[in-house]
Amino acid sequence: MTGPIYLDYQATTPLAPQVFDVMTPWLRDKFGNPHSAHRLGREAAAAIAVARDQVSTLLPSGGQFVFTGSATEAINQAFGAAKLVKGLRLLVAQTEHAAILDTAAAYAAEGYKYFDLPVDAEGLLDLDILAEELGRGDIALVAVMLVNNEIGTIQRIDEIADMVHAAGGLLLCDCVQGYGRVPLPEKADLIAISAHKFHGPKGIGGLWIRDGVDVPEFIHGGGQEGGMRSGTLSPALCVGMGEAARLMAERFEEDRAHVEALANFARFEFGQWTINGSATHRYPGNLNIRRDGVDVGRLMSEVRDVAFSAGSACASGSGRTSHVLKAVSLNSAQAKSSIRLGFGRYTSEDDIIRAATMINEAAERQI
Ligand code: PLP
């Protein structure tokens with residue numbers, strides 16, 4: 001790959017070459033509308049059916065998968081399920097992505113009651129407070145993500161799902177950072193994923209809905225996706241997402257071993273930095289670290305040959321302290337001296353060594 005060393009895998013991942021190859025014919029030659037009844041249309045519909053099966057392989061059984069334009073859209077759609085159950089309370093982990101937090105806030109403006117669930121210093125949900133909040137009743141929906149996009153903490157989703165179900169609520173799990181990398185929970189009711197986070201194309205994601213859970217029609221129109229999300233599907237994007245999912249399943253062990261080896265290596269290279277969040281309950285391809293006395297804004301402007309992030313890519317540039325680093329009790333100076341390095345399938349040990357040399361040298365100049 002030309003350009004800077006890419007260490008921002010939580011923001012997005014490089015497109016797998018195999019994904020590019022399977023998408024090309026659908027962009028160039030096979031232009032049929034998958035909802036048309038003639039041969040060109042049926043061919044596109046068949047390719048989409050294969051893609052849906054490929055994506056579903058890594059999802060729990062006993063549900064249906066709806067393609068969406070992004071995980072953000074899937075999350076917005078999933079919240080609709082709250083409207084079809086009795087309760088009016090929404091519980092949301094403090095460390096969720098803006099897609100969840102802002103959707104919950106929008107529902108609060110419509111009369112739902114919304115409570116932030118705190119996490120401990122490792123980023124793990126405080127289950128005592130969850131139990132207390134569930135005990136107050138009137139629960140509609142609880143949202144807790146599987147792998148945190150900023151600090152990589154992996155939550156105990158199935159245990160949380162049991163608690164939520166006992167209280168009569170639904171559990172929405174944002175699995176954007178976990179899909180294909182760690183086993184997905186079996187007991188969530190709604191799961192959102194995004195293709196560009198696992199070497200697929202941008203502009204496509206999806207929502208998995210457990211059988212028996214009702215989600216209202218989200219986009220009105222031609223009735224595609226079982227009437228839940230109208231609009232002509234893009235065969236190229238669906239096929240690309242399917243191939244990306246197939247590769248995640250096929251390479252699960254190989255990718256996992258590679259990422260673990262890189263993580264051990266990176267922890268050694270960045271030995272003078274402190275890990276933010278959990279050292280153990282963590283997806284190893286995420287290294288969020290801090291070094292006292294470092295100003296990350298200056299660091300990033302000096303180390304232009306490495307693509308990495310200060311806090312969440314979605315929040316960076318906003319000037320606000322990361323809500324996730326705050327939730328795990330970092331003060332604003334510590335948060336401002338924190339960087340997030342994300343690596344994966346296409347990262348080499350040499351990339352880590354060269355990036356560490358550049359970042360460490362620039363940090364030393366500041367201290
Ligand atoms: N949830 C998490 C944890 C994410 O990291 C992201 C992307 O940054 C999203 C949701 C939104 O995904 P998309 O880009 O598909 O809207």
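A polar contact is taken here as a pair of N or O atoms within 3.5 Å. With that in hand, the ligand site of this predicted model is a good place to start. His 97 meets the cut-off, since an N or O atom in the His 97 side chain is 3.2 Å from an oxygen atom of the ligand. A polar side-chain atom of Gln 177 lies 2.8 Å from a ligand oxygen, and for Thr 72 the corresponding distance to an oxygen atom of the ligand is 2.5 Å. Taken alone, the ligand exposes 390 Å², and the protein buries 89% of that area. The surrounding shell holds 12 residues, and the closest of them are Thr 72, Asp 174, Gln 177, Ser 194 and Lys 197. Sorted by class, this shell around the ligand comprises 3 nonpolar, 7 polar and 2 charged residues.

Next comes helix α4, which runs over residues 98–109. With 12 residues at 1.5 Å a residue, α4 should span 16 Å, and the C-alpha atoms at its ends are indeed 16 Å apart, so expectation and model agree. An α-helix has 3.6 residues a turn, so residues three or four places apart point the same way. The buried residues of α4 include Ala 99, Thr 103 and Tyr 107, and Ile 100, Leu 101 and Ala 104 are buried as well. Their cover comes from several parts of the chain, including the helices α3 (71–79) and α10 (323–327). Strands also contribute to this cover, among them β3 (89–93), β4 (113–117), β5 (139–143) and β6 (170–174). Just after α4, Gly 111 takes a positive phi of about 115 degrees.

Positive phi values also turn up outside glycine. Most residues other than glycine have a negative phi, which makes two loop positions worth a look. Glu 225, in the loop between β8 (205–210) and α7 (235–250), has a positive phi near 50 degrees. Ser 329, in the loop between α10 and α11, has a positive phi of about 70 degrees. Their surroundings can be told apart by accessibility: Glu 225 counts as buried because its relative accessible area of 10% is under 20%, whereas Ser 329 counts as exposed because its 58% is over 50%.

Helix α11 (residues 332–336) contains Ala 333, which is exposed with a relative accessible area of 54%. The C-alpha atoms of Ala 333 and Asp 292 are separated by 8.1 Å, with their positions 41 residues apart along the chain.

Two further side chains complete the picture. Asn 286 is found in strand β10 (residues 286–290) and, at 1% relative accessibility, counts as buried. Leaving aside residues up to four places away in sequence, Asn 286 touches Gln 10, a run of residues that includes Asn 148, Asn 149, Glu 150, Ile 151 and Gly 152, and also Arg 340 and Leu 341. Within its own strand, the Asn 286 side chain reaches the backbone nitrogen of Asn 288 at 3.4 Å.

Lys 30 sits in the loop between α1 (17–28) and α2 (39–56) and is partly exposed, at 29% relative accessibility. Not counting residues up to four places away in sequence, Lys 30 touches Pro 25 and Glu 43. The Lys 30 and Glu 43 side chains make a polar contact at 3.2 Å; these two residues are 13 apart in sequence, and their C-alpha atoms are 8.7 Å apart in space.

Note on methods:
Residues are numbered from 1 along each chain as its sequence is written. This is a predicted model: local features need pLDDT of at least 70, side-chain atom pairs count only at pLDDT 80 or more; totals for chains, interfaces and linings use all residues. Side-chain values use heavy atoms; hydrogens and water are left out. Helices (H or I, at least four residues) and strands (E, at least two) are DSSP runs, numbered from the N terminus. The expected span of a helix is 1.5 Å times one less than its number of residues. Buried means under 20% relative accessible area, exposed over 50%, partly exposed in between (1.4 Å probe, protein chains only). Contact means heavy atoms within 4.5 Å. A residue is near a molecule or strand if one of its heavy atoms lies within 4 Å of it. A polar contact is a pair of N or O atoms within 3.5 Å; within protein, one must be able to donate a hydrogen and the other to accept it, and residues adjacent in sequence count only if both atoms are side-chain atoms. Accessible areas come from the Shrake-Rupley method with a 1.4 Å probe; for residues, only the protein chains shown count as cover. Ala, Val, Leu, Ile, Met, Phe, Trp, Tyr, Cys and Pro count as nonpolar, Asp, Glu, Lys and Arg as charged, and the others, Gly among them, as polar.
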